[in-house]
Amino acid sequence: MIYVFLGPPGAGKGTQARYFMKRHDKLAHVETGQLFRDAMKRGSDLGEQVRQYMEAGELVPDDIVMELVEKRLVGAALDDGFIFDGFPRTIEQGERFDTLLRQKHRPIDAVVYFAISDSAVVRRLDGRRVCTNCDRTYHRTYDPPTEDGVCDRCEGELVRRSDDSPEAVRKRLQEYHAKTEPLVSFYREKGSLKRVNAEQNIEPLRNDVRDALDL
Ligand code: AMP
């Protein structure tokens, strides 16, 4: 199965994707934002190429994103199933992704659109914390760690992502509305869009996502 999770930053796409991945061992999670953060951590050329965009809350150019996704899919057994989280993010990426999947004779099974207001996004991202060691995410109110500032899984330090600052979040939302939101109509016209109310808490949202994915 090929699934796309579409929606603004902070809508809960990553949290839901990780839940379904844990329960379906044949599903792989392709999170372009995380792949870029990993590249920056490693200090690779790709990491250096994308750093300025990520830190400013701007989208990375389409060619760089497509190269990353194509590499990720080389030799992959698509029958196993993928959740694409945070990709595609522009119409250009959506069209190029369609071409890529057509070559592999695999249509998208569902695009789950996480609908949420800007004000809820700002609240969520303000409280989001991420482990500097294992990258698990928490929320100070909705999904807190047992001990403040310490990761439950690996005892790493929890920090705010640099692009979760109020300034970068404003820019990311602008980018979302201008460049990513047009994909909602793009996929609606293709008949693959399933809208979920992402203002809900983690568990009710999970039930709606499960229905959308038909899992
Ligand atoms: P995320 O973790 O999904 O919020 O992504 C963090 C940042 O990575 C974004 O603000 C962009 O700078 C970059 N990024 C991730 N995925 C994409 C994409 N599909 N297209 C362009 N930029 C992306």
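Me: Before anything else: a polar contact is a pair of N or O atoms within 3.5 Å; within protein, one must be able to donate a hydrogen and the other to accept it, and residues adjacent in sequence count only if both atoms are side-chain atoms. What makes Val 60 a polar contact of the ligand?

Reply: A polar backbone atom of Val 60 sits 3.0 Å from a ligand nitrogen. The cut-off is 3.5 Å, so the pair counts. Keep in mind that this is a predicted model, where local features need pLDDT of at least 70, side-chain atom pairs count only at pLDDT 80 or more, and totals for chains, interfaces and linings use all residues. Residues are numbered from 1 along each chain as its sequence is written, and side-chain values use heavy atoms, with hydrogens and water left out.

Me: Which side-chain contact does an oxygen atom of the ligand have with Arg 172?

Reply: A polar side-chain atom of Arg 172 is 3.1 Å from that oxygen. On its own the ligand has 480 Å² of accessible area (Shrake-Rupley method, 1.4 Å probe), and the protein covers 96% of that.

Me: Why is Val 111 called buried?

Reply: Buried means under 20% relative accessible area, exposed over 50%, partly exposed in between (1.4 Å probe, protein chains only). Val 111 has 0%, so buried is the right word.

Me: What does Val 111 touch beyond four places in sequence?

Reply: With contact meaning heavy atoms within 4.5 Å, Val 111 touches Val 4, Leu 6, Tyr 187, Ser 192, Leu 193 and Lys 194. The C-alpha atoms of Val 111 and Arg 188 are 8.9 Å apart, though 77 residues separate them along the chain.
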